[in-house]
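Please consider the sequence and the model displayed below. The paragraphs that follow begin with a single residue and then turn to its surroundings and to the protein as a whole.

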Amino acid sequence: MLISTAHAQSLGGGGGDFLVQLLPLVLIFVVFYFLLIRPQQKRMKQHKEMLANVRRGDRIVGNGGLMGTVTKVSDEDDTLTVEIAEGVRVQMLRSMLAEVRGKGEPVSKPPKKKAGKTETAPADDAAEAEPAPAADGEKTDKT
């Protein structure tokens, strides 16, 4: 008599136990998504945008810690020519950039010269400018 009563109790309530066992797994997945997966996808998207926006004149840092200035960007093979010291240039894969430290100015085309007109150089305003501030040890004539 004891055995048949135990069997009857375990068979009747089996549907609710499955949901209770599945709920912690679902909660763990939700926590992982919001704490790990979503922020990583956001960082990857920002990194792709950064790589796409690298221009000549940008100060960059490579994954190995190498710092330099971009002198040439090649879109065909995704390489950059980076000047790491004066006269020392290396080629680097675009995907190996860690960060862009300083943005360079966008490359602008020089103005076209019109035939028959000559451009005049701007007047030197250095004479009209204020004198440079004196060093700590120097005295000035101002009273």
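**A buried threonine and its surroundings**

T81 has a relative accessible area of 15%, under the 20% limit, and is therefore buried. The model in which this residue is described is a predicted one. T81 belongs to strand β3. Leaving aside residues up to four places away in sequence, T81 touches T69, V70, T71 and K72, and also R89, V90 and Q91.

The pairing of the strands puts these contacts in context. Strand β2 covers residues 67–74 and strand β3 covers residues 79–85; the two run antiparallel to each other and are joined by five bridges. Within this pair, S74 lies opposite T79 of β3. The connection between β2 and β3 is a hairpin with four residues between the strands, and D78, in the turn, has a positive phi of about 55 degrees.

Strand β3 also pairs with strand β4, which spans residues 88–93; this pairing is again antiparallel, with six bridges. Here E83 faces R89 of β4. A hairpin links β3 and β4 as well, with two residues between the strands, and G87 adopts a positive phi near 85 degrees in it. Strand β3 is thus paired with β2 and with β4, and the residues that T81 touches include V70 and V90.

Attention may now turn to the aromatic side chains. How many aromatic pairs does the count give? The count comes to one aromatic pair. This pair consists of Y33 and F34, whose ring centres are 5.2 Å apart; their planes meet at 80 degrees, so the arrangement is edge-to-face. Are these two residues buried, exposed or partly exposed? Y33 has a relative accessible area of 32% and is partly exposed. F34, at 47% relative accessibility, is likewise partly exposed, because its value lies below the 50% limit beyond which a residue counts as exposed.

Finally, the protein may be viewed as a whole. The protein contains two helices and five strands, and from the N terminus on its elements follow the order α-α-β-β-β-β-β. The chain has 143 residues, of which 13% count as buried, and T81 is one of the buried residues. Among contacts with a separation of 6 or more, 41% are between residues 24 or more positions apart. The accessible surface of the protein is about 12,800 Å², and carbon and sulfur atoms account for 58% of that area.

Technical notes:
Residues are numbered from 1 along each chain as its sequence is written. This is a predicted model: local features need pLDDT of at least 70, side-chain atom pairs count only at pLDDT 80 or more; totals for chains, interfaces and linings use all residues. Side-chain values use heavy atoms; hydrogens and water are left out. Buried means under 20% relative accessible area, exposed over 50%, partly exposed in between (1.4 Å probe, protein chains only). Contact means heavy atoms within 4.5 Å. Accessible areas come from the Shrake-Rupley method with a 1.4 Å probe; for residues, only the protein chains shown count as cover. Two strands pair if DSSP finds at least two bridges between them. Rings of Phe, Tyr and Trp (its six-membered ring) pair if their centres lie within 6.5 Å; planes under 30 degrees apart count as stacked, over 60 as edge-to-face and the rest as tilted.
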